[in-house]
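Open the model in your viewer and keep the sequence panel beside it. The tour below goes from one selection to the next and says what is found at each stop.

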Amino acid sequence: MEGSHAVAEAAKLCRPEVVSAYPITPQTHIVERLAEMVADGELDAEYLCVDSELSALSVCLGSSAAGSRVYSATSSQGLMLMAEVVFNVAGMRQPIIMSIANRALGAPLSIWNDQQDSLSLRDSGWFQLYGEDVQEMTDQHFIAYKAAERHDVLLPGFVCFDGFILSHTYEPVDIPTQEEIDAYLPPYVPYNKLDAKSPLSMGMYATPDYYMEFRYETDLAMQRAGNAISEVGKEFGEMFGRDYSMHTESYRMDDADVAFVALGSICGTVKDAIDEMRADGIKAGLVKIRTYRPFPAKEIAHALAGVPKVAVLEKNISLGTSMKGIVGLEVKDALTGTGIDVYSYVVGLGGRDIRKKDIRAIAALAEKGEGNMFYGLRTELL
Amino acid sequence: MVDKSLELFDCGHRACGGCGPAMLARLMLKATGENVIVVASTGCMEVFSTPYPETAWKVPWIHSLFENAAAVASGIEASLKHNNRTEKVVCICGDGATFDIGMLCISGAFERGHDITYICYDNEAYMNTGIQRSGATPYDASTTTTPAGRMSTGNALPKKDLPQILNAHGASYVATASVAYPMDVMKKVEKAINTPGACYIQVHTPCSTGWGFDGAKTIEIGKQAIECGLWVNYEMENGELKKAKKILRTPVDDYLKAQKRFRHLFKPERNAEEIAKIQAIADANAAKYNIDIKLKE
């Protein structure tokens with residue numbers, strides 16, 4: 001099944017009452033499929049075609065505040081246009097789940113994949129899950145709703161997957177039945193909602209005497225989201241045989257001399273490259289980050305303990321920083337005091353291919369202590 | 001029928017004395033009764049009525065952002081519809097949130113035809129941020145971003161005709177009103193919430209602080225605006241003009257003279273050329289909506 005259609009199936013199985021989204025490549029196949037499901041009576045939801053991503057997420061906010069489970073999906077520029085609402089939804093503690101088909105940000109305009117869009121909103125108060133393949137990103141939707149709606153969390157979440165590379169790829173995927181998902185994900189029970197029988201004010205303004213505590217509480221909730229994702233990921237594993245209790249996945253990390261850290265579809269290529277390197281006597285491993293927010297610093301530090309060199313593959317650029325990569329900064333922070341060398345490698349921006357030989361070359365650079373750089377530039381263009 | 005004796009907009013909020021928008025909030029809720037969900041934009045009313053942990057709203061109320069009330073209301077309405085709930089959804093937003101920054105979301109909501117009532121409290125500038133010009137600011141009004149000066153007579157652009165824009169969206173009911181006529185406001189709100197589809201009411205809500213008049217004179221100023229034809233109270237149903245308030249029209253001078261925002265038109269002497277342009281706006285309104293009973297001698 002195509003990745004986007006698997007995501008649409010997952011969204012449908014979660015029984016959203018309201019779906020609202022705006023067309024943007026490469027997310028469109030998801031909401032097109034959902035529209036077909038509504039049109040064919042397969043999904044009993046209000047499907048709102050809106051004027052913009054700004055409205056798409058605002059509609060979701062309203063429906064969620066009124067007590068409905070809601071769904072949206074976007075990419076890139078769309079996510080940026082809704083950025084103000086993104087922060088607002090988290091502050092208002094609405095457990096909205098949104099799929100992000102990761103895509104580069106303009107300018108220059110690019111419809112192709114990198115992860116600049118969702119990573120740029122890392123401080124927005126949404127938890128962020130990244131899928132490596134179609135099965136994982138499909139499963140993460142069930143997990144996301146279940147974690148988000150817990151009353152000790154009540155935070156929104158992104159389920160991120162690489163645009164085109166995953167959204168438009170056909171893979172075999174196990175889609176649970178409605179009965180199974182109904183058993184796993186009970187109907188949404190809001191902590192509170194807009195209701196004339198029990199009036200309350202939502203989204204009031206806070207003076208300096210009150211504002212900081214709201215932010216503190218939201219941060220606490222984000223920390224609890226980590227536990228929740230782990231717990232419901234474990235529960236998912238017990239029911240469906242695919243365990244997501246860990247925020248990271250370690251691949252051939254035993255006795256590794258160099259460890260890659262990455263998010264998303266690139267991990268498949270990295271695993272293949274590692275197998276080849278291992279066959280050639282190069283002891284490489286991978287720590288895949290599945291939950292990027294909240295950042296699983298302890299788990300990452302544990303997974304990387306004792307590895308001399310860490311190479312973080314970054315499909316993003318934090319312009320003007322010395323490491324250049326967003327994720328590397330946080331990995332380095334997680335490893336503070338360990339003496340482990342952490343390097344960022346900016347790769348694959350705007351959809352540029354990353355091949356196994358590139359992974360191998362980056363391992364060599366890390367071994368030599370060369371990093372915090374772009375990898376794969378066409379120097380003839382510079 | 002709703003019980004109009006209910007006070008659902010509580011006292012103790014932080015509005016200025018004589019605040020037109022505060023009067024509207026009270027009237028609006030008298031008309032809707034308790035079975036309502038109110039959606040607010042960022043702005044004066046949101047700030048003066050909901051300083052956490054206090055709220056003046058005795059009905060469910062939500063504020064998200066400056067520009068997205070119509071979209072939030074759309075989402076609420078969709079959720080209510082899905083669950084067969086009966087609450088009415090009413091937006092209450094300032095003119096900046098309506099005429100300018102919120103246009104995209106409003107256009108979408110009206111195009112989709114949600115069963116919502118969108119009420120604009122029109123005090124003709126961005127008052128919450130300190131009296132800056134909006135698309136609703138009338139011609140020649142001096143604001144902090146269109147100050148009158150040696151080279152300027154204030155706001156150089158006419159007020160945007162938003163009711164007609166929403167009428168062109170196919171709104172089922174579009175009306176204008178003024179807090180100077182409270183019974184009319186309540187009647188129109190009641191009509192809008194009981195009319196299926198997206199309805200728009202634009203209410204003139206004089207702002208003593210922003211316009212520069214004594215807070216005891218809010219009603220008087222509102223009446224003067226109607227009497228000179230610079231504000232017209234009318235109703236449109238399914239695209240047709242149904243009713244406009246007829247008046248014995250007065251010249252615009254008294255209305256302008258009563259407010260600091262137009263004071264520059266009379267100093268050092270009466271600026272006949274500019275006032276004639278404003279009079280022409282009133283004359284055009286009168287002709288367009290056919291409001292003249294007869295001109296005063």
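The radius of gyration used here is taken over C-alpha atoms, and the globule rule is 2.2 Å times the number of residues to the power 0.38. Please keep in mind throughout that this is a predicted model.

**Chain B as a whole**

Select chain B to begin with. For 297 residues the rule leads one to expect a radius of gyration near 19 Å in a compact globule, and chain B, with 18 Å, agrees with that expectation. Turned onto its principal axes, the C-alpha trace of chain B spans about 60 × 40 × 35 Å. Colour chain B by secondary structure and 11 helices and 8 strands will appear. Buried residues account for 56% of the 297 residues in this chain, and, among its contacts with a separation of 6 or more, 69% are between residues 24 or more positions apart.

**A single residue in chain B**

Now select B:Ala125, which sits in the loop between strand E4 (116–122) and helix H6 (162–167) of chain B. Is B:Ala125 buried or exposed? B:Ala125 counts as buried, because it has 29 C-beta neighbours inside 10 Å, where 20 or more are required. Show its surroundings next: leaving aside residues up to four places away in sequence, B:Ala125 touches B:Ile131, B:Gln132, B:Arg133, B:Ser134, B:Thr137, B:Thr143 and B:Gly210. Of B:Ala125 and B:Gly210 it can be added that they are 85 residues apart in sequence, while their C-alpha atoms are 7.8 Å apart in space.

**Where the two chains meet**

Show both chains and select the residues in contact, 36 from chain A and 37 from chain B. On the side of chain A that touches chain B, the elements giving two or more residues are E1, E2, helix H3 (53–65), helix H5 (83–91) and strand E7 (201–202) of chain A. H3(A) gives the most to this side of chain A, with 9 residues. By class, the side of chain A that touches chain B divides into 19 nonpolar, 12 polar and 5 charged residues. Then zoom in on E7(A), which pairs in the parallel sense with strand E2 (residues 61–63) of chain B over 2 bridges; within this pairing, A:Met202 has B:Ile62 in E2(B) as its bridge partner.

**The sheet of chain A**

Hide chain B and select the strands of the open sheet in chain A, where 7 strands follow the order E2-E1-E3-E4-E6-E5-E11 with mixed pairing. Which strands are the edge strands? They are strand E2 (46–49) and strand E11 (291–293) of chain A, each of which pairs on one side only. From one strand to the next the twist averages 20°. At the E2 end of this order, strand E1 (residues 18–21) of chain A runs parallel to E2(A) and is joined to it by 4 bridges, and the bridge partner of A:Val18 in E2(A) is A:Glu46.

**The two domains of chain A**

For the last stop, colour chain A by domain, with domain 1 covering 3–240 and domain 2 covering 248–381. Their C-alpha centres lie 27 Å apart, and the contact between them takes 27 residues from domain 1 of chain A and 20 residues from domain 2 of chain A. On the side of domain 1 that touches domain 2, helix H6 (116–120), strand E5 (127–130), strand E6 (157–162) and helix H9 (211–240) of chain A each supply at least two residues. H9(A) gives the most to this side of domain 1, with 5 residues, and the side as a whole has 13 nonpolar, 9 polar and 5 charged residues.

Terms used: Residues are numbered from 1 along each chain as its sequence is written. Chains are lettered from A and ligands numbered from 1 in the order in which they are written. This is a predicted model: local features need pLDDT of at least 70, side-chain atom pairs count only at pLDDT 80 or more; totals for chains, interfaces and linings use all residues. Two strands pair if DSSP finds at least two bridges between them. Axes are lines fitted to C-alpha atoms, for helices over the stretch in contact, and angles run from 0 to 180 degrees between N-to-C directions. Domain bounds come from an automatic or database domain assignment. Two residues are in contact if their C-beta atoms, placed from the backbone, lie within 7 Å. Ala, Val, Leu, Ile, Met, Phe, Trp, Tyr, Cys and Pro count as nonpolar, Asp, Glu, Lys and Arg as charged, and the others, Gly among them, as polar. A residue is buried if 20 or more other C-beta atoms lie within 10 Å of its own, exposed if 12 or fewer, and partly exposed in between; C-beta atoms are placed from the backbone.
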